[in-house]
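Grab a pencil and get the viewer ready. Let's work through a few exercises together, one step at a time.

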4 protein chains.
Amino acid sequence: MPNNKKTPATPAPERRRQLLATAAEVFAAEGYNATTVRRIADAAGMLAGSLYYHFDSKESMLDEILSGFLDELWEGYDAVLAAALGPRETIEALVTESFREIDRHRAAVAIYQKESKHLVAHERFRYLADSQVKFEKAWLGTLERGVADGVFRDDLDIRLTYRFVRDTVWVAASWYRPGGLHSPEEIARQYLSMVLEGIAVRGR
Amino acid sequence: MPNNKKTPATPAPERRRQLLATAAEVFAAEGYNATTVRRIADAAGMLAGSLYYHFDSKESMLDEILSGFLDELWEGYDAVLAAALGPRETIEALVTESFREIDRHRAAVAIYQKESKHLVAHERFRYLADSQVKFEKAWLGTLERGVADGVFRDDLDIRLTYRFVRDTVWVAASWYRPGGLHSPEEIARQYLSMVLEGIAVRGR
Amino acid sequence: MPNNKKTPATPAPERRRQLLATAAEVFAAEGYNATTVRRIADAAGMLAGSLYYHFDSKESMLDEILSGFLDELWEGYDAVLAAALGPRETIEALVTESFREIDRHRAAVAIYQKESKHLVAHERFRYLADSQVKFEKAWLGTLERGVADGVFRDDLDIRLTYRFVRDTVWVAASWYRPGGLHSPEEIARQYLSMVLEGIAVRGR
Amino acid sequence: MPNNKKTPATPAPERRRQLLATAAEVFAAEGYNATTVRRIADAAGMLAGSLYYHFDSKESMLDEILSGFLDELWEGYDAVLAAALGPRETIEALVTESFREIDRHRAAVAIYQKESKHLVAHERFRYLADSQVKFEKAWLGTLERGVADGVFRDDLDIRLTYRFVRDTVWVAASWYRPGGLHSPEEIARQYLSMVLEGIAVRGR
DNA sequence: AATGAATGAGCGTTCATTCAT
DNA sequence: GATGAATGAACGCTCATTCAT
């Protein structure tokens with residue numbers, strides 16, 4: 001997910017990360033558009049103008065948040081895909097990896113869910129579309145492979161299945177709170193169980 | 001679903017409905033905050049100020065759109081619940097009814113999905129919270145009844161199951177386009193099949 | 001001098017002209033950059049935001065002021081050039097026309113003098129450069145014709161002469177006040193006399 | 001030419017001169033208002049805040065640039081006036097001295113031309129007005145003496161003549177580039193020839 | 001001497017809203 | 001019912017300036 005890095009190339013990357021985390025929280029909680037730059041500054045304990053020492057614009061904060069998240073996501077996904085597991089195991093690994101990302105980047109994921117549809121129109125966020133394409137290729141391909149291998153049902157519309165699995169996982173970011181009752185791995189386990197086996201009692 | 005009625009007490013309810021449909025489309029497409037009142041007026045072929053003859057405010061349009069949708073939704077849900085079916089049949093009926101509402105009120109559902117979380121904080125939209133409570137009671141209660149009756153699995157966290165089913169259905173509004181390949185009933189059927197039986201091939 | 005016209009294509013051109021005249025006065029008096037949009041609004045008896053009902057931006061006001069001035073200037077110049085007078089008579093007519101334009105568009109001319117150098121860099125003001133080229137062609141060409149015809153001195157650097165005449169005329173906008181002691185034509189007459197005959201007493 | 005001295009009482013006057021020359025270039029090229037202090041710092045290879053070790057403010061840089069220029073200008077002018085030459089010879093010497101100043105202080109002269117009108121309003125730049133008064137006294141007085149002596153024409157409005165000569169000379173700073181084809185003295189010679197004898201061929 | 005980070009005032013602009021016509 | 005013009009509050013952002021290090 002290549003993207004333009006920020007004004008100061010090297011210095012004080014810690015402060016940036018801190019501020020971006022703050023911004024991400026606010027964006028996630030109130031929506032990107034509804035978030036004023038003053039609101040972020042408040043949350044960071046500084047004045048609005050001071051943010052511009054660190055970032056070019058409100059949009060560039062969003063950019064950095066999203067591209068940072070996608071970079072990490074694809075690191076994880078690529079490792080899973082490179083392992084060349086069977087379809088069912090691949091789906092399991094992808095789902096688990098996804099919940100781990102939700103755990104680590106809850107705010108970024110929530111922002112992504114809410115804003116990416118409008119953002120892809122902007123040249124600057126073109127990489128969101130690229131990611132989506134790659135994403136669909138990975139998931140849909142795995143599902144198709146699973147159907148061909150006889151491990152996934154062949155009586156379902158495959159694109160519907162894809163959307164079902166995709167949404168089912170990512171929407172969790174809207175209610176997930178890190179440090180809650182269940183670990184990401186536990187949530188992944190239960191979600192996988194529901195998605196793969198269904199919620200109805202079997203053998204009826 | 002309480003709601004304040006509008007400036008002109010009686011006249012031309014058809015024009016209102018028309019304008020609200022237009023506004024809902026724009027809200028859904030661009031987000032409530034990002035939508036300017038001028039943008040709605042453009043889409044309706046009038047000037048921004050003219051909308052205020054019909055509505056008190058931008059917020060009141062949103063209000064009317066959401067409460068109108070919820071009114072109809074609960075009409076359907078209440079009928080289902082009144083039928084006092086078994087848990088599995090109730091879930092099936094609720095899911096089917098939900099997809100029908102998505103079909104009829106796609107824009108309103110999309111707006112609801114994106115905005116309701118922030119809106120509940122406003123006094124004016126308190127009814128959203130009320131609806132949510134009632135909604136959870138209906139679905140969660142049905143699931144619990146199903147577990148007790150042995151028709152739904154008892155090895156899953158019930159609240160996780162609830163969120164899974166709820167999100168799985170409503171998120172569809174983000175990609176659903178009326179008049180597409182599948183009828184709401186067909187989509188409901190496949191979704192139910194996935195949710196109830198899972199996507200994995202059985203008995204292996 | 002073609003240029004993008006403003007938001008309302010046809011309506012109320014009088015108010016626009018009024019506001020542009022106000023803006024031009026302020027720009028001329030305080031400089032374009034130093035002029036705040038609030039300052040213009042004050043001078044026009046409205047609030048800053050209200051200006052944006054009439055104009056897209058502060059820059060578009062400047063654009064309209066300058067292009068309006070250049071349009072009229074070239075109307076006059078083209079008429080002079082079309083008359084195909086002798087070189088001396090052409091210079092006399094151009095100088096006279098120039099002082100008339102200074103009389104009519106004093107503010108615009110002053111702005112042009114001060115800002116055009118920086119403005120040509122902007123794509124939007126490309127027409128300023130075009131005008132300058134055409135301007136130089138007209139004046140320099142006439143001077144060269146005059147030297148060839150033996151009516152202007154041939155012992156002077158012709159480009160220096162061009163700049164001398166050009167600046168001499170237009171700088172007057174910085175001190176000229178309409179309705180002063182001398183009419184534009186009278187000032188033109190005296191300037192022409194100085195430029196053509198010199199300020200020293202002859203034949204000594 | 002009164003002027004407040006700077007923060008460090010004694011140290012490194014060379015660095016100051018260097019930085020002021022840099023600032024003057026940028027002010028001349030982009031205008032005082034449009035020039036950011038960061039822009040100057042960039043050109044000087046330092047950070048914006050660092051300039052404040054050397055100067056009190058952006059305005060004080062401008063002040064020092066302009067007063068430095070005027071100090072030198074009046075050194076030259078005073079020498080000319082002290083020589084008590086004839087009117088024509090005085091004008092010749094003043095013009096020549098002026099072009100020498102333009103050559104040495106091109107940036108300062110350009111800034112002076114563009115900004116002095118607004119600056120005189122500020123208390124701090126009162127000395128600009130003083131200089132202008134003294135300037136007018138010297139030039140206008142010389143011209144009047146010349147008219148009385150019969151060496152300058154008496155059929156011209158004397159104030160118009162004054163402005164003509166004054167502007168004619170100083171506007172040259174807007175296009176003059178040191179190290180160009182003509183030396184300041186050569187330009188002065190040609191300008192004087194034009195101003196005194198006119199550009200028309202004589203004796204017709 | 002210079003940096004890094006911040007301040008605070010103000011700027012151009014947007015936008016929901018009002019209201020006389 | 002709708003328009004044209006305006007309001008006023010707020011927004012994203014810029015920039016001269018400060019100051020501890």
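Below are four exercises on this predicted model, each with a worked solution.

**Exercise 1. Work out how chain B is related to chain A.**

Solution. Start with the general idea: two copies of a chain are related by a rotation about an axis and a shift along it. Next, look at the numbers here. Chain B lands on chain A after a rotation of 180° with 0.1 Å of shift along the axis, and the RMSD is 0.1 Å. The two copies are therefore related as by a two-fold rotation axis. Want to find that axis in the viewer? Go to B:Gly198, whose C-alpha is the nearest to the axis in chain B, 1.7 Å from it. Last step: compare the contact residues. Of those in chain B, 100% recur in chain A, so to speak of one surface is fair: the same surface serves both copies.

**Exercise 2. Describe the size of the interface between chain B and chain A.**

Solution. First count residues: 43 of chain B are in contact with 44 of chain A. Then turn to area, since the size of an interface is often given as the accessible area lost when the parts come together. Here about 4,100 Å² is buried between the two chains, and carbon and sulfur atoms give 59% of that. Now zoom in on chain B: B:Arg153, B:Phe164 and B:Ile199 lose the most area to chain A, together 18% of what that side buries.

**Exercise 3. Find out what the side of chain B that touches chain A is made of, and which polar links cross over.**

Solution. Begin with the links. Between chain B and chain A there are 25 residue pairs in polar contact, while the rule finds 0 salt bridges across this interface. Now for the elements: α1 (13–30), α6 (106–119), α8 (158–170) and α9 (184–197) of chain B each give two or more residues to this side. Of these, α8(B) gives the most, with 8 residues. Finally, sort the residues on this side by type: 18 are nonpolar, 12 polar and 13 charged.

**Exercise 4. Check whether chain C joins in, then look at an annotated stretch of chain A.**

Solution. Take chain A and chain C: no contact joins them, and their closest C-alpha atoms lie 20 Å apart. Chain B and chain C don't touch either, with nearest C-alpha atoms 12 Å apart. Now the annotation: an unreviewed UniProt entry lists residues 36–55 of chain A as "DNA-binding region". Over that stretch the chain is 60% helix and 0% strand, and the end C-alpha atoms are 15 Å apart.

Technical notes. Residues numbered from 1 in each chain as written. Chains lettered and ligands numbered in written order. Predicted model: local features only at pLDDT ≥ 70, side-chain atom pairs only at ≥ 80, totals over all residues. Heavy atoms only, no water. Least-squares fit on C-alpha atoms with pLDDT ≥ 70 in both. Contact = heavy atoms within 4.5 Å. UniProt positions renumbered as here; feature names shortened; annotations may be inferred. Helix = DSSP H or I, 4+ residues; strand = E, 2+ residues; numbered from the N terminus. Buried area = accessible area lost by both parts, 1.4 Å probe. Salt bridge = Lys/Arg side-chain N within 4 Å of Asp/Glu carboxyl O. Polar contact = N/O pair within 3.5 Å; in protein donor to acceptor, adjacent residues only side chain to side chain. Nonpolar A, V, L, I, M, F, W, Y, C, P; charged D, E, K, R; others polar.
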